[in-house]
Amino acid sequence: TNLTRHWTVRGAFGRDEVSFTRYYSLLREKLGEARATASSRGLNPDAATATTQQYLKDQEAADTSTGRKTANLTTRYSFPQGRLRGLSFGGSVRHIFGKNRAAIVVGGQEVLPKTVTANQYIVSPFASYRRKWRDYAWTAQINVNNLFDKVTDQGTAYRYTRWVDPRQIITTVNVSY
């Protein structure tokens, strides 16, 4: 929405559901090979691969889908006249809702508990300056992503971490004619 002619605000909310369907497909292939090798050596294939079979059963019983929610708010104000003409500034705030993390169970024993990651706020301000000089229009902009350098693991599994990007300062200059 435009609050005034030179001030804009945009809000968004997103939710998705991710299902993980191919846990350990290569391990199943190797399990078949291990069972065949155990049989060829005169061993009981069930006894020789009991730990791996139990591990796969534990993984199948674990929650294999997760939902993610994010919300953000972005605002920008541009000065159309006066001493600050050409200057724009604004920022965005992104809220990452905590994510469920399934417990890790090995051999029927819970090794790491089911938990929820912490909620996360990421603040990213920006400023730009636009000017026209003769036949050239130029813009200089600076963005500071993750201003407060909040870096946390937002992964949905203990095994697969997903770190939030650290602070980034990005500058750009565009010239057109």
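This note goes through the salt bridges, a pocket and a surface patch of a predicted model.

1. Salt bridges in general. The count of salt bridges in the model comes to four, and three of these pairs, Lys 30 with Glu 33, Arg 35 with Asp 46 and Arg 101 with Asp 153, are taken up in the points below.

2. Lys 30 and Glu 33. The side chains of these two residues form a salt bridge with an N to O distance of 3.7 Å, which counts because the cut-off lies at 4 Å. Both residues belong to helix α1, which spans residues 25–40, and they stand three residues apart, or about one turn of the helix. Lys 30 is partly exposed, at a relative accessible area of 49%, and Glu 33 is likewise partly exposed, at 40%.

3. Arg 35 and Asp 46. In this salt bridge the closest N and O atoms are 2.8 Å apart. The pair links distant parts of the chain, since Arg 35 lies in helix α1 and Asp 46 in helix α2 (residues 45–48), with their positions 11 residues apart in the numbering. Arg 35 has a relative accessibility of 26% and counts as partly exposed, as does Asp 46 with a value of 43%.

4. Arg 101 and Asp 153. Here the side chains meet in a salt bridge at 2.6 Å, N to O. Arg 101 sits in strand β5 (residues 100–101), whereas Asp 153 sits in the loop between β10 and β11, so that the pair, 52 residues apart, links distant parts of the chain. Both Arg 101 and Asp 153 are buried, which means that each has under 20% relative accessible area.

5. The second largest pocket. This pocket holds about 310 Å³ of space and has a lining of 18 residues, with Arg 94, Ile 96, Ile 122, Arg 162 and Val 164 lying nearest its centre. Strands β3 (65–78), β4 (87–96) and β9 (120–133) are the elements that each give two or more residues to the lining, and the largest share, four residues, comes from β4. By character the lining divides into six nonpolar, seven polar and five charged residues.

6. A nonpolar surface patch. Trp 133, Tyr 136, Trp 138, Val 173, Val 175 and Tyr 177 make a nonpolar patch of about 760 Å² on the surface, and the elements that supply two or more of its residues are β10 (136–145) and β11 (168–176). Val 173, which lies in strand β11, has a relative accessible area of 59% and is therefore exposed, as this value is over 50%.

Note on methods: Residues are numbered from 1 along each chain as its sequence is written. This is a predicted model: local features need pLDDT of at least 70, side-chain atom pairs count only at pLDDT 80 or more; totals for chains, interfaces and linings use all residues. Side-chain values use heavy atoms; hydrogens and water are left out. Patches are made of residues with over 30% relative accessible area and no salt bridge: like charges are joined within 9 Å, nonpolar side chains (Val, Leu, Ile, Met, Phe, Trp, Tyr) within 5 Å. Accessible areas come from the Shrake-Rupley method with a 1.4 Å probe; for residues, only the protein chains shown count as cover. Buried means under 20% relative accessible area, exposed over 50%, partly exposed in between (1.4 Å probe, protein chains only). On a 1 Å grid over the protein atoms alone, a cavity is a set of points where a 1.4 Å probe fits but cannot get out, and a pocket is an open set with protein on both sides within 12 Å along at least five of seven lines; lining residues have an atom within 4 Å of a point. Grid points are joined across faces, edges and corners, and a volume is the space filled by probe spheres set on the points. Ala, Val, Leu, Ile, Met, Phe, Trp, Tyr, Cys and Pro count as nonpolar, Asp, Glu, Lys and Arg as charged, and the others, Gly among them, as polar.
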